[in-house]
Each structure stands twice: as C-alpha cells, then as structure tokens.
Amino acid sequence: MKAPKKVSATVMAAHLGLSRPYLDRLVADGTIAKDESGKFSLDETRLRYIRKLREMRRSSPATEAHAKYQQAKARRLELENARLEGRLMEVDDHIAGVDEIVGIMLTGLSSLPARCTRDVGTRRAIEAGITEIRQEIAQKAAEKTREHKREHGSSGAEADEGKDDDG
C-alpha cells in the first residue's frame, strides 16, 4: 500500500484554496491536523476540510432560512389544496354562513309563540323560554371567543366581546 502523500502548509493551503492564516486557524480549532514533522496528509486533510464545509453548510443561517422558507411554501400549498378540495374555507365566508343560519333560527324562534298559541300566558312562558335559550347561546359564544383569544392572541375584535344583544 502506498504511503499517504505529505505536504507542507503552503502546498496544503494552495491545494484547498485557502490562505495560510485560515489554514492555521483550522489546525488550531482541530478541524485538520499536522503530523509530528509539521506536514499534512493530503488525502486526510482534504476529507476533514470537506467534512467541515458540509457541517458549516448544514448549520448556516442561510440554510436554516431556506428550510423555513420551504416549510412555509409547503404549508401554503397544503392550505391551498385543502381549500380547493373543499376541506377549508375563508373565515369571513364561514362567519357569513353562520350569521345567516342564526338569523333564520332567531326569526323562527321569535315567531314561535304566536304560531303555537293564542293564549297570552302561554305565549309569555314560551317567550321566556326562548329568551333563556338565546342568552345561553350568547354566553357560550362569548366564552368561546374569550377562549380563542387566550389561545391565539387578540385579533382586535375586543369591541365584539361581551355583546349582550342576544344575537
């Protein structure tokens, strides 16, 4: 087997395309090593330097930023696909749909006592029951809003919190 080729620091620096001071820093930090005679093994030093470059690339801020960018890009694509597949919708569209459904329900509940009976006492009892249900719904909605704000931070909708207009 052929003995590894040994070279001087000047030749090694030129071989790796480095300045002598930078080669000396690599020796000082243990990335590469000289033998007892102060010479470098050409092959071993080259491999150790390549390994160092790979480690630096893996841990560089640019690599991290690129990885975050790729993750964000993948997340955006996921969300777009979910929207196209009908598994996701805009919050404003959802709120408009819920508002419409709740409006129909409240209108129906308001007319229910008159549709059920002509007896005024019975109507008042039904109206009281409907008012109680509407208040429970409003309280639950306000509770869910506060819970969401605690978990996800405020979205500037504090003016909506605590509304007590039963709807």
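## How two helices cross

Helix axes are lines fitted to C-alpha atoms over the stretch in contact, and the angle between two of them runs from 0 to 180 degrees between their N-to-C directions. In this predicted model, the axes of helix H1, residues 9-16, and helix H3, residues 42-58, come within 11 Å and cross at roughly 45°. That angle makes H1 oblique to H3, and the crossing of these two helices is right-handed.

A second pair to look at is H5 and H6, whose axes come within 8 Å and cross at roughly 165°. Because angles over 145 degrees count as roughly antiparallel, H5 is described as roughly antiparallel to H6. The crossing in which H5 passes H6 is, once again, a right-handed one.

## A nonpolar patch on H5 and H6

The helices H5 and H6 also appear together in a feature of the surface. Val98, Val102, Met105, Ile133 and Ile137 form a nonpolar patch there, and together these residues have about 360 Å² of accessible area. The elements that give two or more residues to this patch are helix H5, which spans 91-116, and helix H6, which spans 120-152. Of the two, H5 supplies the largest share of the patch, namely three residues.

One member of the patch, Ile133, is found in helix H6. How far is Ile133 open to the surroundings, in terms of relative accessibility? The computed value for Ile133 is 44%, so this residue counts as partly exposed, given that the class of partly exposed residues lies between the buried ones, under 20%, and the exposed ones, over 50%.

## A salt bridge in H3

Side chains of opposite charge can pair when their charged atoms come close. By the rule applied to this model, the count comes to 11 salt bridges, and three of them are described here and under the next heading, beginning with one in the helix that H1 crosses.

Asp43 forms a salt bridge with Arg46, and the closest N and O atoms of the pair are 2.5 Å apart. Asp43 and Arg46 are separated by about one helical turn, because they stand three residues apart in helix H3. Asp43 is partly exposed, with a relative accessible area of 42%, and Arg46, at 28% relative accessibility, counts as partly exposed as well.

## Salt bridges in H4

Helix H4, which covers residues 61-84, holds both Arg75 and Glu78, and these stand three residues apart, about one turn of the helix. Arg75 forms a salt bridge with Glu78, in which the closest N and O atoms are 3.5 Å apart. Both ends of this pair fall into the intermediate class of accessibility: Arg75 counts as partly exposed at 46%, and Glu78 counts as partly exposed at 48%.

Which residue does Arg83 pair with in a salt bridge? The partner of Arg83 is Glu80, and the closest N and O atoms of this pair are 2.6 Å apart. Arg83 and Glu80 both lie in helix H4, again three residues apart, or about one turn of the helix. With a relative accessibility of 39%, Arg83 counts as partly exposed, while Glu80, with a value of 33%, is likewise classed as partly exposed.

Key: Residues are numbered from 1 along each chain as its sequence is written. This is a predicted model: local features need pLDDT of at least 70, side-chain atom pairs count only at pLDDT 80 or more; totals for chains, interfaces and linings use all residues. Side-chain values use heavy atoms; hydrogens and water are left out. Patches are made of residues with over 30% relative accessible area and no salt bridge: like charges are joined within 9 Å, nonpolar side chains (Val, Leu, Ile, Met, Phe, Trp, Tyr) within 5 Å. Accessible areas come from the Shrake-Rupley method with a 1.4 Å probe; for residues, only the protein chains shown count as cover. A salt bridge is a side-chain nitrogen of Lys or Arg within 4 Å of a carboxyl oxygen of Asp or Glu. Helices (H or I, at least four residues) and strands (E, at least two) are DSSP runs, numbered from the N terminus. Buried means under 20% relative accessible area, exposed over 50%, partly exposed in between (1.4 Å probe, protein chains only). Angles under 35 degrees count as roughly parallel, over 145 as roughly antiparallel, 65 to 115 as roughly perpendicular and the rest as oblique. A crossing is left-handed if the near helix is turned anticlockwise from the far one by less than a right angle, and right-handed if clockwise.
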